[in-house]
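Welcome, and take a moment to look around before reading on. The report below walks through the overall fold, then the inside, then the surface.

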Amino acid sequence: MMITLATAEDTEALGAKLVIDSTVPWRTLALCGELGAGKTTLVRGVVRALGGSPDDDQTPSYVLERHYEIDGGVLLHRDAWRGAA
């Protein structure tokens, strides 16, 4: 599936929508895209919708993963690009 979004705000809103409108609880969301495609921006929306504070959000590209405190637990944002072939 390919979704084209015009702005970072639209991308973040889609992340929130994935949480809010989900009829089935999910535990893993895999995103695939080039560097700068907006994956971290989408995660920011997911974190916010789950009650977390993504204000200090940065891509995990250089540290491999980031953890965000959310309502009821921790969200792990992992970057696996190093293993991609």
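A good place to begin is Leu29, which lies in the loop between helix H1 (8–20) and helix H2 (39–49). Keep in mind throughout that this is a predicted model.

**The overall layout**

The protein has two helices and two strands. Read from the N terminus, these elements follow the order α-α-β-β. Of the 85 residues in the protein, 27% are buried. The accessible surface comes to about 6,400 Å², and carbon and sulfur atoms account for 56% of that area. As for how the chain folds back on itself, take the contacts with a separation of 6 or more: 29% of them are between residues 24 or more positions apart.

**The hairpin**

Strands E1 and E2 form a hairpin, with two residues between them. In the turn sits Gly72, whose phi is positive, at about 85°. E1 and E2 (residues 73–78) run antiparallel and are joined by six bridges. If you would like to trace the pairing by eye, two positions can serve as guides: Arg66 stands opposite His77 in E2, and Glu69 stands opposite Val74 in E2.

**The nonpolar core**

Which residues make up the largest nonpolar core? There are nine: Leu14, Val19, Leu42, Val43, Val46, Val47, Tyr68, Ile70 and Leu75. H1, H2 and strand E1 (65–70) each provide at least two residues of this core. H2 gives the largest share, with four residues.

Leu14 is a handy member of the core to follow. Leaving out neighbours within four places in sequence, Leu14 is in contact with Ile3, Leu5 and Leu42. Thr11 can be explored in a similar way. Setting aside residues up to four places away in sequence, Thr11 touches Leu5, Gly38, Thr41 and Leu42. Leu5 and Leu42 therefore appear in both lists, one for Leu14 and one for Thr11, a buried residue with a relative accessible area of 12%.

**From buried to partly exposed**

Thr11 is placed in helix H1, and so is Lys17. Here is how these two and the loop residue Leu29 compare in accessibility:

| Residue | Relative accessible area | Class |
|---|---|---|
| Thr11 | 12% | buried |
| Leu29 | 37% | partly exposed |
| Lys17 | 48% | partly exposed |

Why does Thr11 count as buried? Its relative accessible area is 12%, and buried means under 20%. Leu29, at 37%, counts as partly exposed because that class lies between the 20% and 50% limits. Lys17 falls in that class too, because its value is 48%.

Lys17 also offers a view of how separate parts of the chain come together. The C-alpha atoms of Lys17 and Ala49 are separated by 8.1 Å, although these residues are 32 apart along the chain.

**A nonpolar patch on the surface**

To finish, let us return to the outside and to Leu29. Which residues form a nonpolar patch on the surface? They are Leu18, Trp26, Leu29 and Leu31. Together, these four residues have about 310 Å² of accessible area.

Terms used: Residues are numbered from 1 along each chain as its sequence is written. This is a predicted model: local features need pLDDT of at least 70, side-chain atom pairs count only at pLDDT 80 or more; totals for chains, interfaces and linings use all residues. Side-chain values use heavy atoms; hydrogens and water are left out. Patches are made of residues with over 30% relative accessible area and no salt bridge: like charges are joined within 9 Å, nonpolar side chains (Val, Leu, Ile, Met, Phe, Trp, Tyr) within 5 Å. Accessible areas come from the Shrake-Rupley method with a 1.4 Å probe; for residues, only the protein chains shown count as cover. A salt bridge is a side-chain nitrogen of Lys or Arg within 4 Å of a carboxyl oxygen of Asp or Glu. Buried means under 20% relative accessible area, exposed over 50%, partly exposed in between (1.4 Å probe, protein chains only). A nonpolar core is a set of buried Ala, Val, Leu, Ile, Met, Phe, Trp, Tyr and Cys residues joined through side-chain atoms within 4.5 Å. Contact means heavy atoms within 4.5 Å. Two strands pair if DSSP finds at least two bridges between them.
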